Amino acid sequence: MRLSCLLVGKAHAEAAKIMRPGVTTMEINNLVHTFILDHGGIPSFLNYGGFPAATCISVNDEVVHGFPKNVPLKDADIISLDIGILKNGFHGDSAYTYAIGEVSEAVKKLLKVTKASLYVGIDKARKGNRIGDIAYAIQEYTEQKHGYGVVRELVGHGLGKQLHEDPQVPNYGKRGTKEKLKEGMVLAIEPMINMGTREVEFLKDGWTVLTKDRKPSAHFEHDVCITSGEPDILSSFAELEAAEKANPNLTWCHD
Ligand code: MG
Ligand code: MG
């Protein structure tokens with residue numbers, strides 16, 4: 001599983017290298033698709049329930065499950081890229097939101113807080129804790145502390161031979177509730193956080209989820225294995241973050 005998860009991070013890094021105003025999300029998708037095939041993987045999302053592409057690319061007020069399009073990115077867009085790869089029988093699944101060109105301080109803060117909330121959640125991914133402990137930690141940090149909207153309609157999930165396995169991992173909930181975490185479980189933890197209200201709408205394409213108030217939304221996702229000790233993050237942002245920092249057309253929004 002770790003190999004699949006790490007390959008997802010490498011695919012992200014390749015995508016981050018070409019992000020700039022003018023590039024289309026279809027070009028980014030096609031680059032990632034080719035990268036996956038060249039590395040012996042299968043794109044997990046392509047044809048999943050009829051999804052038409054290798055990646056989900058959701059821009060600005062699109063929360064998740066956006067289709068790649070032949071529309072060029074513009075200065076101040078944010079782009080949530082979600083990549084899944086099946087290799088050697090196991091899936092990796094990781095998402096990251098990038099800021100194209102100059103973005104507002106408010107957008108920078110949304111990205112920074114959403115990524116930080118992922119690690120707040122991961123810190124609760126420990127043997128003996130419950131799913132509700134992860135869920136509550138993310139909600140408390142983003143909603144109570146920062147006043148953002150936590151999307152309810154979509155949640156994280158178990159991961160393994162299937163892309164989506166039990167248990168569901170919501171980004172909202174009560175401490176001490178739901179499934180107990182056991183050693184060896186792998187969870188895709190993925191806060192989807194709206195700058196405005198939590199309400200979303202589903203586009204008629206059957207997939208794209210967007211914010212009802214049309215304010216931006218951010219999405220960060222890691223795959224985490226429960227161990228007897230520290231949470232083991234199987235996916236990695238190291239290479240994509242290096243690419244992000246090296247790309248003058250992307251804004252680094254984090255500490
Ligand atoms: Mg994902
Ligand atoms: Mg996922």
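The questions and answers below go through the metal sites, strands and helices of a predicted model.

User: Which residues coordinate the magnesium ion (ligand 1)?
Analyst: The donors of this ion follow the spacing D-x10-D-x127-E along the chain. The coordination is at 2.0 to 2.4 Å, and Asp82 is listed with two OD entries. The residues are Asp82, Asp93 and Glu221.

User: Which residues coordinate the magnesium ion (ligand 2)?
Analyst: In sequence, the donor residues here are spaced D-x63-H-x32-E-x30-E. The H of that pattern is a histidine that coordinates through NE2, and the coordination is at 2.1 to 2.2 Å. The residues are Asp93, His157, Glu190 and Glu221.

User: How far apart are the magnesium ion (ligand 1) and the magnesium ion (ligand 2)?
Analyst: Asp93 coordinates both ions. Asp93 thus appears in the donor list of ligand 1 and in that of ligand 2. The two ions are apart by 3.1 Å.

User: How many residues apart are Asp93 and Glu221?
Analyst: Asp93 and Glu221 both coordinate the magnesium ion (ligand 1). Asp93 is in strand β5 (residues 90-100), while Glu221 is in the loop between β13 (217-219) and β14, so the pair links distant parts of the chain. They are apart by 128 residues.

User: Why does Asp93 count as buried, and why does Glu221?
Analyst: Buried means under 20% relative accessible area. Asp93 falls under that cut-off because its relative accessibility is 2%. Glu221 counts as buried because its value is 0%.

User: Which residues of strand β14 point the other way from His222 and Val224?
Analyst: In a regular strand the side chains alternate between the two faces of the sheet. Strand β14 covers residues 222-225, and His222 and Val224 point one way from it. These four residues are all buried, and those pointing the other way are Asp223 and Cys225.

User: Which residue in β14 is the bridge partner of Leu187?
Analyst: Strand β9 (residues 186-189) pairs with β14 in the antiparallel sense, over 4 bridges. Within β14, the partner of Leu187 is Val224.

User: Through how many residues does a hairpin join β14 to β15?
Analyst: β14 and strand β15 (residues 232-233) run antiparallel and are joined by 2 bridges. Cys225 stands opposite Asp232 in β15. The hairpin between these strands has a connection of 6 residues.

User: Which strands stand at the edges of the open sheet of 3 strands?
Analyst: The order of this sheet is β3-β12-β11, with antiparallel pairing. Each edge strand has a single partner strand, so one side of each is left without a neighbour in the sheet; these strands are β3 (62-64) and β11 (200-202).

User: By what angle are neighbouring strands of this sheet turned against each other on average?
Analyst: β3 pairs with strand β12 (residues 209-211) in the antiparallel sense over 2 bridges. Val64 stands opposite Val209 in β12. With direction ignored, the average turn between neighbouring strands is 40°.

User: At roughly what angle do the axes of helix α1 and helix α2 cross?
Analyst: Helix α1 covers residues 2-18 and helix α2 residues 25-38, and their axes come within 9 Å. The crossing is right-handed. The angle is roughly 145°.

User: How many nonpolar residues are in the contact of α1 with α2?
Analyst: On the α1 side, Leu7, Lys10, Ala11, Glu14, Ala15 and Ile18 take part, and they meet Glu27, Ile28, Leu31, Val32 and Phe35 in α2. By class, the contact has no polar residues and 3 charged ones. The number of nonpolar residues is 8.

Methods
Residues numbered from 1 in each chain as written. Chains lettered and ligands numbered in written order. Predicted model: local features only at pLDDT ≥ 70, side-chain atom pairs only at ≥ 80, totals over all residues. Heavy atoms only, no water. Buried < 20%, exposed > 50% of the residue type's maximum accessible area, 1.4 Å probe, protein only. Pairing = 2+ DSSP bridges. Donors = N, O, S within 2.8 Å, 3.2 Å for Na, K, Ca; no water. Axes fitted to C-alpha atoms, helices over the stretch in contact; angles between N-to-C directions. Left-handed = near helix turned anticlockwise from the far one by under 90°. Contact = heavy atoms within 4.5 Å. Nonpolar A, V, L, I, M, F, W, Y, C, P; charged D, E, K, R; others polar.
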